[in-house]
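Biologist: Could you take me through one part of this model in close-up? I'd like to look at a single strand and then whatever sits around it.

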Amino acid sequence: MNLSGQTGRLAVLLSLFLLAGTAQAHWLVGVVIGVHDGDTLTLLTDDRQTLKVRLAKIDAPELSQAYGQAAKRGLSDTTYRRRVTVEYAQQDRYGRLIGRVEAEGQDVNLAQVAKGLAWVYRQYSNDPVFLQAERTAQASHFGLWQDPNPIAPWDFRHTEDAR
């Protein structure tokens, strides 16, 4: 990477670091160039920055977990190579933006829950709209709710199967 590229990346990282301590929402627009799993994607912004985005309020099954690949496919079908808007206010400990993703007027985070491809991440959200979407998906046996005893990803990560 040349010096100007390093300087630009440093400026973005510094900006994100400064924003991490604030609750003020910010927006980015770009094209999704990668989908890592059911709740994480890579965005190429209009100013050519590549940023990882972790979808706020939700936790999708791990890739090695039941419905993990389906969750990734669902997110990919909705966002990959599409122009999206990301509303964010903070970063996580891995440097990913934590945000709400909108594609073609649809709240992608909420859609993952409504399709039974993610849980509401209760450690970080008690949003009644998301909780209702989860209850509806569960009652309708959508996605992961087809399993009689689905394991939440935050529990799965502490099992032998996750290692």
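Which residue in β6 is the bridge partner of Tyr88?

Modeller: That would be Gly99. Bear in mind that we're looking at a predicted model. Let's stay with β6 for a bit, then move on to the pocket and the aromatic rings.

β6 covers residues 97–103, and it's mostly covered, with 5 of its 7 residues buried. Tyr88 belongs to the β5 side of the pairing: strand β5 (residues 83–91) runs antiparallel to β6, and 7 bridges join them. The hairpin made by β5 and β6 has 5 residues between the strands, and there Gly95 takes a positive phi near 85°.

Gly99 also turns up in the pairing with β3. Strand β3 (residues 50–55) is joined to β6 by 3 bridges, and these two run parallel. Here Leu55 has Gly99 as its bridge partner in β6. So much for β3 and β5; β6 has a further pairing, with strand β7 (residues 106–107), which is antiparallel and has 2 bridges. In that pairing Ala103 stands opposite Gln106 of β7. β6 and β7 form a hairpin too, with 2 residues between them, and in the turn Glu104 has a positive phi of about 50°.

Now for the empty space. The largest pocket has a volume of about 760 Å³, and β6 has a hand in it: β3, β4 (58–59), β5 and β6 each supply at least two residues of the lining. β5 gives the largest share, with 4 residues. In total 30 residues line this pocket, and Arg54, Asp92, Ile98, Tyr121 and Tyr124 lie nearest its centre. If you like to think in terms of chemistry, the lining divides into 12 nonpolar, 5 polar and 13 charged residues.

Two of those central names, Tyr121 and Tyr124, take us to the rings. The whole structure holds 4 aromatic pairs. In one of them, the ring centres of Tyr121 and Tyr124 are 4.9 Å apart and the planes sit at 80°, which makes the pair edge-to-face because that angle is over 60 degrees. The two partners are covered to unlike degrees: Tyr121 is buried, since its relative accessible area of 13% falls under 20%, whereas Tyr124, at 58%, is exposed because that is over 50%.

Tyr121 pairs with Trp154 as well, and this pair is stacked, at 5.5 Å centre to centre with 5° between the planes. Tyr121 lies in the loop between β8 (119–120) and α4 (128–139), while Trp154 is in helix α5 (residues 153–156), so the pair ties together parts that are 33 residues apart in sequence. As for Trp154 itself, a relative accessible area of 24% makes this residue partly exposed. Taken together, Trp119, Tyr121, Tyr124, Trp145 and Trp154 form one aromatic cluster.

One last stop is Gln112, which has its place in helix α3 (residues 108–114). With a relative accessible area of 1%, Gln112 is buried. Leaving aside residues up to four places away in sequence, Gln112 touches Gly38, Ile58, Ala71, Gly74, Leu75, Leu117 and Ala118.

Methods. Residues numbered from 1 in each chain as written. Predicted model: local features only at pLDDT ≥ 70, side-chain atom pairs only at ≥ 80, totals over all residues. Heavy atoms only, no water. Buried < 20%, exposed > 50% of the residue type's maximum accessible area, 1.4 Å probe, protein only. Pairing = 2+ DSSP bridges. Phe/Tyr/Trp six-rings, centres within 6.5 Å; stacked < 30°, edge-to-face > 60°. Contact = heavy atoms within 4.5 Å. 1 Å grid on protein atoms, 1.4 Å probe; cavity = no way out; pocket = protein on both sides within 12 Å on 5 of 7 lines; lining within 4 Å. Points joined across faces, edges and corners; volume = space filled by probe spheres on them. Nonpolar A, V, L, I, M, F, W, Y, C, P; charged D, E, K, R; others polar.
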